[in-house]
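Here's a walk through a protein–DNA model, helix by helix and strand by strand. Have the viewer open and follow along.

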There are 2 protein chains.
Amino acid sequence: MNIGEAAKASGVNAKLIRYYESIGLIPEAGRTAAGYRVYTAQEVRILRFVKRARTLGFSIERIQALVGLWRDKHRASAEVKRIALEHVDELEAKIAEMRAMADTLRELADACHGDDRPDCPILRDLEEAGTACCGHGHPA
Amino acid sequence: MNIGEAAKASGVNAKLIRYYESIGLIPEAGRTAAGYRVYTAQEVRILRFVKRARTLGFSIERIQALVGLWRDKHRASAEVKRIALEHVDELEAKIAEMRAMADTLRELADACHGDDRPDCPILRDLEEAGTACCGHGHPA
DNA sequence: ATGGGCCTTCCAATCATGGGAAGGTCAAGG
DNA sequence: CCTTGACCTTCCCATGATTGGAAGGCCCAT
C-alpha cells in the first residue's frame, strides 16, 4: 500500500500523512527500494484514529498522547478521560467566547437599518467602545 | 505620542501596531527626526476601533473594510450590516461545529469510568469510528 | 520509448501574534 | 560629560494545521 492508497483508505490527505510522520505523530513508514512509503493495514488504523480525533477537534499534541494510551494495553482510562475533558473545557470556553461575540453583533445588526443612510449602530459601537462615555466605560 | 504611549492609550501592543501598519490596515505613522513613529489622537482612535473589532472576532480583512466605511461619511449602513452578518454567520457555523464536538466528547467521557482500568469508550470511539474491519493486530 | 499519473523532497503561504537579536535614541543622574 | 536603563528601530523566526507548488524520479500501460 503506497501513500495514495493509504490516504484513500484512511481519509487522511497524502500530504498530511507525510506531515504527521515528519512531526513524529505517526511512526516512520517503511520504504520500497525506490523510496516510496509503504503502509500496512495497522498503520492505516492509526491514521483513521488520528483522523477521527482531529474531527473531534483534538490538537496534534493531545492526539499524540491519546495514540500512546491507545497502544498501551495497560493504560488507565482515567488518563484518557482527563485529556478528553481538558479538550471539552477548551471547546466550551471558545464556544462561550464566540457566543458572546455573535450575540453582541446580532444585537447591533438588529439595531442597524441596513439601508443607504450612513447612520450605523455597529460603527458607533466600534468607535465608542472603550471611550469615556455612556455605559461602556474604559480603563485609564 | 510615540508607539509605546499609543499602545497604552489604545490597548494594542506596540508590536502589533507595527504589524498593522506593515499590512496597510492603518496608515503609516509620522516619524520624528530620529525615526520614531509619532501618533495623533485620531490615529489612536483608529487603533481602538481595530482593537474593538478584533475583540468581536472580525478578521483583519473585514476590519479593513469596516475602517474604510467608518471613514466614509457617505457610506450605506447596509454595507456595514452585511459585513457584520457575514461574520456572525461564520461565528455561528464554528460554534455549531464545536458544539457538536463538545457534546459528542462529553457523552463519551460520561460513559468512561475514569479509573485505572484500561477499558475506555473514548478510545473505542476513536478507533472504531468508520472502521468496518476485523484486523486486530497490535500497533507496531 | 513515451506519456500520464503517481511518488519524492524542499520551500512557501496561510492568520494574527509573540519573541528575540542587534543596534540607535532619549532622559536622568553621577 | 558619561553612563545607565528604558525606550525605539528593523529583521528574522516561531506558532498550528494544512495546503500549494516546483523540480525531479518512478511505475505502468500503450
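Let's start on the outside of a helix: A:K15 and A:S22 are exposed, and they sit on the face of α2(A) that is turned away from its buried side. Keep in mind that this is a predicted model.

Now flip to the other side of the helix. Which residues of α2(A) are buried? They are A:A14, A:I17, A:Y20 and A:E21. These residues span an arc of only 115 degrees around the axis, so they end up on the same side of α2(A). The general rule behind such patterns is that an α-helix has 3.6 residues a turn, so residues three or four places apart point the same way. As for packing partners, the buried residues of α2(A) lie against α1, β1 (30-31), β2, α3 and α4 (60-71) of chain A.

The two ends of α2(A) are worth a click as well. At its start, a side-chain oxygen of A:N13 comes to within 2.8 Å of the backbone nitrogen of A:K15. After the helix comes A:G24, with a positive phi near 80 degrees.

Helix α1 of chain A (residues 3-10) can be read in the same way. Its buried residues are A:I3, A:A6, A:A7 and A:S10. Looking down the axis of α1(A), you'd find them within an arc of 105 degrees, so they line one face of the helix. The cover over these buried residues includes α2 (14-22), β2 (37-38) and α3 (41-55) of chain A. At the start of α1(A), a side-chain oxygen of A:N2 gets to within 3.1 Å of the backbone nitrogen of A:G4. The residue following α1(A) is A:G11, and its phi is positive, near 85 degrees.

On to the two protein chains. How does chain A map onto chain B? A turn of 180 degrees with a shift of 0.0 Å along the axis lays chain A on chain B with an RMSD of 0.1 Å. The two copies are thus related as by a two-fold rotation axis. Both copies use the same surface, with 94% of the contact residues of chain A recurring in chain B. If you want a landmark for the axis, take A:I95: of the residues of chain A, its C-alpha comes closest to the rotation axis, at 2.8 Å.

Next, the DNA. Strand D has 17 residues around it, and the closest are A:K15, A:Y20, B:G4, B:R18 and B:R37. Of the strand D atoms that come within 4 Å of the protein, 69% belong to sugar and phosphate. Both chains take part in this surface: α2 of chain A and α1 (3-10) of chain B each supply at least two residues. The largest share, 4 residues, is from α2(A). By type, the surface near DNA strand D splits into 8 nonpolar, 4 polar and 5 charged residues.

Strand C also has 17 residues around it, with A:G4, A:R18, B:K15, B:Y20 and B:Y36 coming nearest. Here sugar and phosphate make up 70% of the strand C atoms within 4 Å of the protein. This time α1 of chain A and α2 (14-22) of chain B each provide at least two residues of the surface, and α2(B) gives the largest share, 4 residues. The surface near DNA strand C divides into 8 nonpolar, 4 polar and 5 charged residues.

Some polar side-chain contacts with the DNA are listed here.

| Residue (side chain) | DNA atom | Distance |
|---|---|---|
| A:K15 | base oxygen, strand D | 2.5 Å |
| A:Y20 | phosphate oxygen, strand D | 2.6 Å |
| B:N2 | phosphate oxygen, strand D | 3.0 Å |
| A:N2 | phosphate oxygen, strand C | 3.0 Å |
| A:R31 | phosphate oxygen, strand C | 3.0 Å |
| B:Y36 | base nitrogen, strand C | 2.8 Å |

So A:K15, exposed on α2(A), has a polar side-chain atom 2.5 Å from a base oxygen of strand D.

One last stop, in chain B. B:R62 sits in helix α4 (residues 60-71) of that chain. Is B:R62 buried or exposed? The cut-off for buried is under 20% relative accessible area, and B:R62, at 15%, therefore counts as buried. Its side chain makes a polar contact of 2.8 Å with the side chain of B:E90. Leaving out residues up to four places away in sequence, B:R62 touches B:I83, B:E86, B:H87 and B:E90.

Definitions and conventions
Residues numbered from 1 in each chain as written. Chains lettered and ligands numbered in written order. Heavy atoms only, no water. Buried < 20%, exposed > 50% of the residue type's maximum accessible area, 1.4 Å probe, protein only. Arc of directions from axis to C-beta. Contact = heavy atoms within 4.5 Å. Polar contact = N/O pair within 3.5 Å; in protein donor to acceptor, adjacent residues only side chain to side chain. Least-squares fit on C-alpha atoms with pLDDT ≥ 70 in both. Near = heavy atom within 4 Å. Nonpolar A, V, L, I, M, F, W, Y, C, P; charged D, E, K, R; others polar.
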